[in-house]
Each structure stands twice: as structure tokens, then as C-alpha cells.
Amino acid sequence: MEEKHKKLFGYAVVGAFGTVAVGLMIGSIPFVMPAFRRICLPFVPATDNQVRNVISLLKKRKGNVIDLGSGDGRIVLAAAKMGFPAVGVELNPWLVIYSKIKTLYLGLSDSASFQRRDIWKTDLKKYDNIVIFGVEQMIFFFIRWPN
């Protein structure tokens, strides 16, 4: 009888570890898939210092804000707390969902929104303040963006 319990316990342990392993693999797919794109832009959250710097620059500005590659929405939510209508554009669907949930939780749905979109296909003409953190090649491109 004891041999049967050991066997069942073994199956339960293997099943539990297998379930956790498969869950981790499925959960990591959205974060690993960007590495397979032609241009890989990793998610690196803005530091508190970077958010403070953006906020200090926005204090002297008016209008609306767009954050290209908004990630987890730190910049957009900080701008919305200051009263700016703010939009975040992000390609990673999990980060967009996270940002939308955080927006609801903070009660900023009237002033902050997030869209899953390619930043290269985003029309920037209607925005007064554009925020972008990214790789050097991207920033160089935006500096030289034609009018």
C-alpha cells in the first residue's frame, strides 16, 4: 500500500512542476517574442529620476502628451496626474493591459489612455508634447524627423 502512495505522490509532484513550467513558458512568450522582431526594443522601465525629469519639463508646457513606447505607463500616468491629457503607445499587449488596469485603479481614465500600436505608424501631428525613451538609433531618427 505504501508503494502506491509513493507512486501517486511522485505523479502529483511531477504534474505540479510540469504545470508550473508550462505556465511560466506561456507567461513569458509576450516578453520573449519582441526579441524575434527585426528591430528589438526591450522593455526597460523608466526610473523614478527619469519620470521626475520629464515631469519637471512638462511643468513649463501646455497641451497633450504622447509617450511612444510607453511600457508600463509610468510617464503617461505621471503626466495625467498633472492634468495633461496623456496617451501611451506600446506594442507589447501585456504592457498595454497592465497600463490600462493601473489607469483604472488610479482613477485616471478620463485623462490617460493606452493604445497597442506601432510607434512608427503613429500620427504625431495632434500632440504638443512627445516623450520617447529608446535606443540611440531611434532617437536619432526622431530628431531628424521631417516636418
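Trainee: How many helices and strands are there in the protein?
Mentor: Keep in mind that we're looking at a predicted model. From the N terminus on, the elements run α-α-β-α-β-α-β-β-α. Tallied up, that gives five helices and four strands.

Trainee: What share of the residues counts as buried?
Mentor: The cut-off for buried is under 20% relative accessible area. The protein exposes about 10,500 Å², with carbon and sulfur atoms supplying 63% of that. Of its 147 residues, the buried share is 31%.

Trainee: Which element gives the largest share of the largest nonpolar core?
Mentor: That core has 19 residues, and Val51, Leu58, Val65, Ile75, Ala79 and Ala112 touch the most other members. Helix H2 (48-58), helix H3 (74-81) and strand E3 (112-116) each put in at least two residues. The largest share, six residues, comes from H3.

Trainee: And which residues are among the members of the other core?
Mentor: This one lies apart from the largest core and has eight residues. Among them are Leu68, Val89, Ile119 and Ile132.

Trainee: Why is H3 largely enclosed by the rest of the structure?
Mentor: Look at what surrounds H3: its buried residues pack against H2, E1, E2, H4, E3 and E4. Those buried residues are Ile75, Val76, Leu77, Ala78, Ala79 and Ala80. H3 is largely enclosed because the buried ones make up six of its eight residues.

Trainee: Which residue follows H3 with a positive phi?
Mentor: Go just past the end of the helix and check the backbone there. The phi is near 100°, and the residue is Gly83.

Trainee: Which residues does Ile75 contact, leaving aside its neighbours within four places in sequence?
Mentor: Ile75 is one of the buried residues of H3, and it is also one of those touching the most other members of the largest core. With the sequence neighbours set aside, its contacts are Ala46, Val51, Val54, Asp67, Val131 and Phe133.

Trainee: Where do the buried residues of H2 lie, seen down its axis?
Mentor: The residues in question are Val51, Val54, Ile55 and Leu58. They fall within an arc of 100°, so they line one face of the helix. Arg52 and Leu57 are exposed on the other side of H2. What the buried residues pack against is strand E1 (65-68), H3 and strand E4 (129-132).

Trainee: Is Thr47, just ahead of H2, buried, exposed or partly exposed?
Mentor: Thr47 lies in the loop between helix H1 (2-32) and H2. Its C-alpha is separated by 9.0 Å from that of Arg74, 27 residues apart along the chain. With a relative accessible area of 41%, Thr47 is partly exposed.

Trainee: What is the relative accessibility of Leu68?
Mentor: Leu68 lies in strand E1, and its C-alpha is separated by 8.6 Å from that of Val87, 19 residues apart along the chain. Leu68 counts as buried, and its relative accessibility is 0%.

Trainee: Glu90 caught my eye: which backbone nitrogens does its side chain reach?
Mentor: Glu90 sits in strand E2 (residues 86-90) and is buried, at 12% relative accessible area. Not counting residues up to four places away in sequence, Glu90 touches Gly69, Ser70, Gly71, Leu95, Val96, Gln115, Arg116 and Arg117. One backbone nitrogen, 3.4 Å from the side chain, belongs to Ser70. The other, at 3.1 Å, belongs to Asn92.

Trainee: Which residue caps the N-terminal end of H4?
Mentor: H4 covers residues 93-106 and reaches 20 Å from its first C-alpha to its last, close to the 20 Å expected. At its N-terminal end, a side-chain oxygen lies 2.9 Å from the backbone nitrogen of Trp94. The residue that owns that oxygen is Asn92.

Trainee: Which residues are exposed on the other side of H4 from its buried ones?
Mentor: In H4, Leu95, Val96, Ser99 and Thr103 are buried. They cover an arc of only 100° around the axis, which puts them on the same side of H4. Exposed on the other side are Ile101, Leu104 and Tyr105.

Trainee: And which residue follows H4?
Mentor: Its phi is positive, near 70°. The residue is Gly107.

Conventions: Residues are numbered from 1 along each chain as its sequence is written. This is a predicted model: local features need pLDDT of at least 70, side-chain atom pairs count only at pLDDT 80 or more; totals for chains, interfaces and linings use all residues. Side-chain values use heavy atoms; hydrogens and water are left out. The expected span of a helix is 1.5 Å times one less than its number of residues. Buried means under 20% relative accessible area, exposed over 50%, partly exposed in between (1.4 Å probe, protein chains only). The arc is that of the directions from the helix axis to the C-beta atoms. A polar contact is a pair of N or O atoms within 3.5 Å; within protein, one must be able to donate a hydrogen and the other to accept it, and residues adjacent in sequence count only if both atoms are side-chain atoms. A nonpolar core is a set of buried Ala, Val, Leu, Ile, Met, Phe, Trp, Tyr and Cys residues joined through side-chain atoms within 4.5 Å. Contact means heavy atoms within 4.5 Å. Accessible areas come from the Shrake-Rupley method with a 1.4 Å probe; for residues, only the protein chains shown count as cover.
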